[in-house]
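This report walks through a handful of side-chain pairings, one buried position in a helix, a small sheet and a loop residue. Please keep the sequence and the model at hand while reading.

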Amino acid sequence: VEEVKRGLRMPLPQSAVLGAKDLPRTVLSDHIEDRLFKRLKQERQDRAAQERKSIEEVPGAEGLVVRVVSSVDKKLEVKPRFLEIFQEDNYPTEFPYKSKAVLLFQKIEGVEVCLFGMYVQEFGAECSYPNQRRVYLSYLDSVKYFRPEIRTVSGEALRTFVYHEILIGYLEYCKQRGFTSCYIWACPPLKGEDYILYCHPEIQKTPKSDKLREWYLSMLRKATKEEIVVELTNLYDHFFITMGECKAKVTASRLPYFDGDYWPGAAEDMINQLRQEEDDRKQQKKGKTKKIITKRALKAAGHTDLSGNASKDAMLMHKLGETIYPMKEDFIMVHLQYSCSHCCTLMVSGKRWVCHQCRSFYICDKCYDAEQQLEDRERHPSNSRDTHTLHPVDIVGLPKDTKDRDDILESEFFDTRQAFLSLCQGNHYQYDTLRRAKHSSMMVLYHLHNPTAPAFVTTCNVCCHDIETGQGWRCEVCPDFDVCNSCYQKGAVNHAHKLTNHPSAADRDAQNKEARQMRVQQLRKMLDLLVHASTCRSGSCQYPNCRKVKGLFRHGMQCKTRASGGCVLCKKMWYMLQLHARACRDSGCNVPRCRDLKEHLRRLQQQSDSRRRAAVNEMMRQRAAEVAANE
């Protein structure tokens, strides 16, 4: 850098390397960027005014780029034991949603560094209740390299200001698209684990749950001032208890069901536990007393129908409530639209009936009509002899659907946070020092611009050194047999098959937009062909390459070598099947091994969620023990 400044070295022209700005722009990324830059300009002006300087004299955040790097349709399958309880209520078996990954880059010392990332789940208007029009902020991560390290006029770090503005910008975007609520689980990562960015700097402390919660609430208070957020509550207060004049039923079927969230996994464990306890009671024939106590407790809590599945629902809510209550403030419910004070539905059309005498009392058209049928003494407010007048307010500006104007953005490495973490861990793309963060970010951008490039570094089978792109030789017959130029030229290679030269980076020509678009089209054609061939029964099918794929299917059934043994055809087949399984949304899919592969991916996700839940439960046990010891 010093040599470049003194003119002794010519820097690489920026056009030679595709950076964060060259990644595809979307409506979402433009919305967040526009808001962020306006707010940063205002913040810099406020700081300059406070210090009585011109705006050029005070430092500001520069070189920031926000991009959506993954935007794909997915389906969340409801866990089987939970589904059994609500099968009579026509509870959905699955919830379609869009998963998105958003990254923030900043140019530091001439290199774009990835500083912040978040994964979100968007359940649109077409999704079934209780997930309809809801958003889940599933993972958020950052590394502490933001420049400049200064404080705003309000006293918070400029870094915090920027991250808050990205989140507020996203909530504003969701509100404009017609989403009604956002859910946040304020859960810090376990010690030694990372959410999105691999290996954080040692100077960066992992926040405790109360600090993280306050960080989110501070952001949400800003959004409330701008009227982006209209109400703030938590999962427990909104769904587990009836407050004020609330008439909504306390049932697990009302809880929003998100991928990787705490309660769906905890509920499945509890249903298993309740079944086990019931089986034990039957065997011991001592169940009557216990069962009566349980039902009596549930009746005391206001549950009237305790027959069959209703009893299981009530017991599940009772146990879930007991577990969630001590940490209820960590499960943040953000309402972007007003919630009806009677039925708790988030209102999206018609009128909102407001009481000017009571604080935060609003009801929907349906509940207002029901209210008019009541006698005066039973009307709002229920705890007073007076009757308050309700005034209508039209609900305007809310789209009928939540249609996304952005195209699908597929990225093999950002499809899930685990996929990105695996890429980083496998290649040591670490963020524990600024130097490493620069390299890791450059490689992340390289993979985003070059989806066809090998995901992992190739090593020489002779000297075991890494082989640079275009600097080696490969066997086309044997799997994973590569040698570097040096060993090849020395004649140190004794191999039975012919070796071919690695294609260079220039030969790949993957750094141009047309090549990337062509690859996406080819992948889609290939996956369509796979689905067609798995259902086709015609011996003389005219569909292009159908016979070839059927031949691959037959080969896979008969091959004794398999992909693990190095069969090239099997490896090709597995690659296609894995790509298909990741994108497939059909629960009754006929593509070979599709269900097995989806089950494998589901188990990996389940293991990660279980570890996260176990850590939270352990943290709560330790906190309870500390409280007990202090008493």
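Which residue forms a salt bridge with Arg-39? The partner is Glu-165, and the closest N and O atoms of the pair are 3.3 Å apart. Arg-39 belongs to helix α2 (residues 27-51) and Glu-165 to helix α4 (residues 158-177), so this salt bridge ties together parts that are 126 residues apart in sequence. The model discussed here is a predicted one.

## Salt bridges between helices

The two ends of the Arg-39 pair do not fall in one accessibility class. Arg-39 has 29% relative accessibility and counts as partly exposed, whereas Glu-165, at 1%, counts as buried. In total, the structure holds 28 salt bridges. Side chains of opposite charge can pair when their charged atoms come close.

Another of these links is made by Arg-275 and Glu-84, with 2.2 Å between the closest N and O atoms. Arg-275 sits in helix α7 (residues 262-284) and Glu-84 in helix α3 (residues 80-85), so the pair connects parts that are 191 residues apart in sequence. Here the relative accessibility is 34% for Arg-275, which makes this residue partly exposed. Glu-84 is also partly exposed, at 36%. Elsewhere, salt bridges with shared partners join Asp-73, Lys-98, Lys-100, Glu-122, Arg-177 and Asp-404 into one network.

## A salt bridge within one helix

Arg-47 and Glu-43 form a salt bridge through their side chains, with an N to O distance of 2.8 Å. Both residues lie in helix α2, four residues apart, so about one helical turn separates them. Arg-47 and Glu-43 are both buried.

## Surroundings of Leu-220

Is Leu-220 buried or exposed? Its relative accessibility is 0%, so Leu-220 counts as buried, the cut-off being under 20%. Leu-220 is located in helix α5 (residues 209-225).

Leaving aside residues up to four places away in sequence, Leu-220 touches Leu-171, Ile-184, Val-229, Leu-232, Ile-332 and Val-334. Of these contacts, Val-334 is 114 residues from Leu-220 along the chain, and the C-alpha atoms of the two are separated by 8.1 Å.

## A three-strand sheet

In what order do the three strands of the open sheet stand? The order is β9-β8-β10, with antiparallel pairing. Strands β9 (362-363) and β10 (390-394) are at the edges and have a single partner strand each, so one side of each lacks a neighbour in the sheet.

Strand β8 (residues 351-355) runs antiparallel to β10, and five bridges join the two. In one of the pairings between residues, Trp-353 has Pro-392 in β10 as its bridge partner.

## Asp-261 in a loop

Asp-261 is found in the loop between α6 (235-239) and α7. Despite the loop position, Asp-261 is buried, with a relative accessible area of 3%.

Which side chain is joined to that of Asp-261 by a polar contact of 3.2 Å? The side chain is that of Tyr-183. Tyr-183 also appears among the residues that Asp-261 touches, together with Tyr-136 and Trp-185, when residues up to four places away in sequence are not counted.

Conventions. Residues are numbered from 1 along each chain as its sequence is written. This is a predicted model: local features need pLDDT of at least 70, side-chain atom pairs count only at pLDDT 80 or more; totals for chains, interfaces and linings use all residues. Side-chain values use heavy atoms; hydrogens and water are left out. A salt bridge is a side-chain nitrogen of Lys or Arg within 4 Å of a carboxyl oxygen of Asp or Glu. Buried means under 20% relative accessible area, exposed over 50%, partly exposed in between (1.4 Å probe, protein chains only). Contact means heavy atoms within 4.5 Å. Two strands pair if DSSP finds at least two bridges between them. A polar contact is a pair of N or O atoms within 3.5 Å; within protein, one must be able to donate a hydrogen and the other to accept it, and residues adjacent in sequence count only if both atoms are side-chain atoms.
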